[in-house]
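Morning, everyone. I'll walk you through one structure today. Have a look at it first, and then we'll take it piece by piece.

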Amino acid sequence: MNWYEKAQENLKIIQEDLPDRTRLHLMDENKDKEVGKLTIQIFPYDKYYYATAFFIDADYRGQGWGRKMMKQMTSLPRFQDRPIILNPEPYGGNIGSDEYNQEIEDLKKMYRKLGFENDVDNWMIYKGKNR
Ligand SMILES: CC(C)(COP(=O)(O)OP(=O)(O)OC[C@H]1O[C@@H](n2cnc3c(N)ncnc32)[C@H](O)[C@@H]1OP(=O)(O)O)[C@@H](O)C(=O)NCCC(=O)NCCS
């Protein structure tokens, strides 16, 4: 087995076997526990796709998995025809507190690194190449 086959074997990202294929699951090394997810919602007559859930288990954060999942999702052929938008929102915390607002700013910084741009209010938008 060469290095590439080995890397493929160890790949932890799997795509959920749903007909609309709008959710990615990150599975642990044994592929029996979900340690992360990313969901994109589709509303048929809208002009955007919505990223509605993005979560990586605390033990797996900061290792590039979030970036990898976002890249995989935004590269799927089915998401090329409309911009993807999201509203950065921390999971938990006291809404309106300084700490909470700082977390929103940190998330915005992260999404800018992942290719999103600021849009109106707190919305962010991923335009990609052909959108
Ligand atoms: C947000 C989340 C999914 C990111 O996943 P991750 O696997 O840790 O992200 P990555 O390791 O791929 O990091 C990608 C980049 O974003 C940065 N980043 C990650 N989380 C960040 C955060 N909360 N704030 C600021 N920057 C962050 C990383 O430093 C990295 O930057 P670099 O490439 O310059 O090193 C994860 O931290 C998480 O589950 N957080 C709690 C839930 C949450 O807040 N979800 C978002 C709701 S809108």
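One term before we start: helices and strands here are DSSP runs, with at least four residues for a helix and at least two for a strand, numbered from the N terminus. Keep in mind that this is a predicted model.

Now the overall layout. The protein chain has 3 helices and 7 strands. Follow the sequence and you get α-β-β-β-β-α-β-α-β-β. The chain runs to 131 residues, and 15% of them count as buried. Take the contacts between residues at least 6 apart in sequence: 41% of those join residues at least 24 apart.

On to the ligand. How many residues surround the ligand? There are 19, and Arg61, Gly66, Arg67, Asp106 and Met110 are the closest. By type, the shell splits into 9 nonpolar, 6 charged and 4 polar residues.

Which elements each supply at least two residues of that shell? They are β4, residues 49-56, α2, residues 65-75, and α3, residues 98-113. The largest share comes from α3, with 5 residues.

Let's stay with α3. This helix has 16 residues. From first C-alpha to last, α3 reaches 23 Å, close to the 22 Å expected at 1.5 Å a residue. Is α3 well covered or hardly covered? Hardly: 1 of its 16 residues is buried. After α3 comes Gly115, with a positive phi near 105 degrees.

Next, the strands. In a regular strand, side chains alternate between the two faces of the sheet. Look at β2, residues 23-27, for that alternation. Leu24 and Leu26 point to one face and are buried. Arg23, His25 and Met27 point to the other face and are not buried.

What does β2 pair with? Its partner is β3, residues 34-42, in the antiparallel sense, over 5 bridges. Within that pairing, Leu26 stands opposite Gly36 of β3. The hairpin has 6 residues between the two strands, and Lys31 takes a positive phi near 55 degrees there.

Last stop, Gln72. This residue lies in helix α2. Why does Gln72 count as partly exposed? Because it has 13 C-beta neighbours inside 10 Å, and the partly exposed class sits between 12 or fewer, which is exposed, and 20 or more, which is buried. Gln72 also brings us back to β2's Leu24. The two are 48 residues apart in sequence, yet 8.7 Å apart in space, C-alpha to C-alpha.

That's the tour. Over to you for questions.

Definitions and conventions: Residues numbered from 1 in each chain as written. Predicted model: local features only at pLDDT ≥ 70, side-chain atom pairs only at ≥ 80, totals over all residues. Near = placed C-beta within 6 Å. Nonpolar A, V, L, I, M, F, W, Y, C, P; charged D, E, K, R; others polar. Pairing = 2+ DSSP bridges. Contact = placed C-beta atoms within 7 Å. Expected span 1.5 Å × (residues − 1).
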